[in-house]
Amino acid sequence: MSTLVVVLFGLFIASTGMGYIQIPPAAVLKIIWGQLSGHPDPFAGMNEIFPVVVMDVRLPRILTAALVGGGLAMCGVVFQGILLNPLADPYTLGVSAGAAFGAALAILMNISALGLYSVPLFAFLGAVATLWAVIYLSAGSGGLSSNNLILSGIIVAAILSAGISFLKYVADEQVAVIIFWLMGSFASKTWSDVVLTAACIASGASVFLYFGRELNLMSLGSQMASSLGVDTRRVTLILLAAASVVAAVCVSVAGIIGFVGLLVPHTMRLLAGPDNRRLVPLSFLAGALLLLGADTLTRAVLPVEIPIGVLTALIGGPFFCYVFRRQSTGRVW
Amino acid sequence: MSFELRDVDFCFNGKKVVDGVSLRLAPGRFYGVIGPNGCGKTTVIDLLCRFRSPQHGQIRYGGQPLGAYSKRQLARAIALVPQNFYINFPFRVRDVVMMGRYPYIPRFGRPSGRDLDIVAEVMESADVAGMAERLVTELSGGERQRVVFARALAQDTPMLILDEATSNLDIGHALRLLDLAARRVRPESGTVLAVFQDINQAAAYCSHLILMSRGRIAAHGDTRAVLTPDTLREVFDVDAKVYHDDYAHALHVVYKR
């Protein structure tokens, strides 16, 4: 875990320095230190545009990317644990699509009654409604089976994406906003985005960690958990709600970013075992690392900025195929 | 602490699967439940574990309604070895057995020396100590059943419920685990209730038998009094001979083809 923290911090500093204007890592550290300690002296002798680039442009974007990546990965862990299904994540369950639909609706109707929070709120409502619909559809006799869940997720997501297309059709001049937002991007994030995301993810993470042991028991089946003293109904509802909040805020800030919640928990489970008390923080760090890396790649390395959602889907899609194949055949390939 | 069921009904999809069951389960006894497939055995267990609630009637434990206990209190009172279970996540055998101690360990606490001792002891006695570091996802059905058995023993409860817990086991391990269960029977503080398919195994271990048929209790009482050709014909519709076998020191049943 400490290795991950160090690597993440390193990437964090390196990534802040990279881009159209190159800033040496030492200068990045100085600027951040200067802001934290309140002494502007270290800026002396530095290109005066550096602090502005770091503080107002890059840091908000980088922090949001890392937070969203970590948040999505944690959600993946929780959804997989509760639904006893290694293929569950906000994207495959349609929760992301639901949040996107809610957010697109808010953008289209120009709802700003709640100011900054109206888009996230609509995204959350969309996410919860979708999750409910998916679980309702797949809950037949004998609990929530893998196939039913993924199938229902796909059906609901298909309906929702048709809904989103319709919204785009009627959107007129806002269509560009919706489309760009849906593809997912961390460009032009502000400190208020960072604060909102951080607050939601921190509260989500504390819920996940508090119920870490229950989540372990529930990943053995709800009856087993129940006979070991877990109030399964209550814990399931709390965890699903918390995971939906986190997923919704991630989507509302960054658009649909697929497969992070699938890829990261899987890899981490392979490396560190299935104990959710370790898996949640580890996945947070690894998810942050992955998405920050991907965002830095599209922002500073590639000649053209590709939407981040496209990039993660290109990496994550084949991985999903691999996991699915392995699960359905029991073989490595 | 004893269990008391009074006039318990449970309906599933409009069909009565448990129909007017009244029972008293007292400490110091090994109860066996036998009956044809679908006669409501597992549902009765679900009711005892509070996985389901009866639509009619009352279940009391130690004089209190079952609903008055918290989940954690129940987990310290009743341990269950279920009929079948699937584990999708690669936990280690040792960790799964340790989960039996969770009802005693504070939320963010570490297992105490006593917890570790109990886990080591039950793993040894259930013959799973040799696979402590293996992943449960890689075990065979019988091996997994032994792991879950060890986990239930680690829970160290006055009530132990086995739902066909030896169905996947070879005869050596089946007898070994039933012996372990029988050792949990203590006057005042230890009750075992086990669902059996094999009537001879039930006869060998149980002091009392409960015969179920179509959601009702067809007969219950002392094994010697209940296990007769007549009750077997009534419940299972078979012709059987029941005799005392000197080698097994137990009643034995043989059937006519």
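**Asking how we know: two chains**

Visitor: Of the contacts in chain A with a separation of 6 or more, what percentage comes from residues 24 or more positions apart?

Guide: In this predicted model, residues 24 or more positions apart account for 75% of those contacts in chain A. Chain A holds 14 helices and 2 strands, and buried residues make up 49% of its 333 residues.

Visitor: What makes Phe208(A) count as buried or exposed?

Guide: The count of other C-beta atoms within 10 Å decides this, and a residue is buried if that count is 20 or more. Phe208(A) has 26 such atoms, and therefore it is buried. This residue lies in helix H8 of chain A, which covers residues 191-210. Leaving aside residues up to four places away in sequence, Phe208(A) touches Met74(A), Val78(A), Ala242(A) and Val280(A).

Visitor: How does the picture change in chain B, and how do you know what confidence the predictor has there?

Guide: The mean pLDDT of chain B is 90, and 100% of its residues reach 70 or more. The model as a whole scores ipTM 0.83 and pTM 0.84.

Visitor: How many residues of each chain are in contact with the other?

Guide: On the side of chain B there are 20 residues, and they are in contact with 18 residues of chain A. Helix H2 of chain B, residues 71-77, gives the most to the side of chain B that touches chain A, with 4 residues. That side of chain B divides into 15 nonpolar, 1 polar and 4 charged residues.

Visitor: Why are helix H5 and helix H6 of chain B called roughly parallel?

Guide: The axes of H5(B), residues 141-154, and H6(B), residues 171-183, come within 12 Å and cross at roughly 10 degrees. Angles under 35 degrees count as roughly parallel, so H5(B) is roughly parallel to H6(B). Gly142(B), Arg146(B), Phe149(B) and Leu153(B) in H5(B) meet His173(B), Leu177(B) and Leu180(B) in H6(B). The residues of this contact divide into 4 nonpolar, 2 polar and 1 charged.

Visitor: Across which strands does H5(B) lie, and at what angle to S6(B)?

Guide: H5(B) lies across S6 and S7 of chain B and runs at about 175 degrees to S6(B). An angle over 145 degrees counts as roughly antiparallel, so H5(B) is roughly antiparallel to S6(B).

Visitor: What makes S6 and S10 of chain B the edges of their sheet?

Guide: The sheet is open and has 6 strands in the order S6-S7-S8-S3-S9-S10 of chain B, with mixed pairing. Strand S6 (78-81) and strand S10 (216-222) each have a single partner strand, so one side of each is left without a neighbour in the sheet. Neighbouring strands of this sheet are turned by 15 degrees against each other on average, with direction ignored.

Visitor: How do you know that S6(B) and S7(B) pair?

Guide: Two strands pair if at least two bridges are found between them. S6(B) and strand S7 of chain B, residues 159-163, have 4 bridges and run in the parallel sense, so the condition is met. Ile78(B), for instance, has Met159(B) in S7(B) as its bridge partner.

Visitor: Why is strand S11 of chain B described as hardly covered?

Guide: Among the 6 residues of S11(B), residues 240-245, the count of buried residues is 0. This strand pairs with strand S12 of chain B, residues 250-255, in the antiparallel sense over 6 bridges, and Ala240(B) stands opposite Tyr255(B) in S12(B).

Visitor: What sets Asp156(B) and Glu188(B) apart as special cases of phi?

Guide: Most residues other than glycine have a negative phi. Phi of Asp156(B), however, is positive, near 55 degrees, and Glu188(B) has a positive phi of about 75 degrees although it is not a glycine. Asp156(B) lies in the loop between H5 and S7 of chain B, whereas Glu188(B) lies in the loop between H6 and strand S8 of chain B.

Visitor: Why do these two residues receive the labels they have for exposure?

Guide: A residue is exposed if 12 or fewer other C-beta atoms lie within 10 Å, buried if there are 20 or more, and partly exposed in between. Glu188(B) has 10 such neighbours, so it counts as exposed. Asp156(B) has 18, a count that falls in between, and therefore it is partly exposed.

How values were computed. Residues numbered from 1 in each chain as written. Chains lettered and ligands numbered in written order. Predicted model: local features only at pLDDT ≥ 70, side-chain atom pairs only at ≥ 80, totals over all residues. Axes fitted to C-alpha atoms, helices over the stretch in contact; angles between N-to-C directions. Parallel < 35°, antiparallel > 145°, perpendicular 65-115°, else oblique. Contact = placed C-beta atoms within 7 Å. Nonpolar A, V, L, I, M, F, W, Y, C, P; charged D, E, K, R; others polar. pLDDT = per-residue confidence, 0-100.
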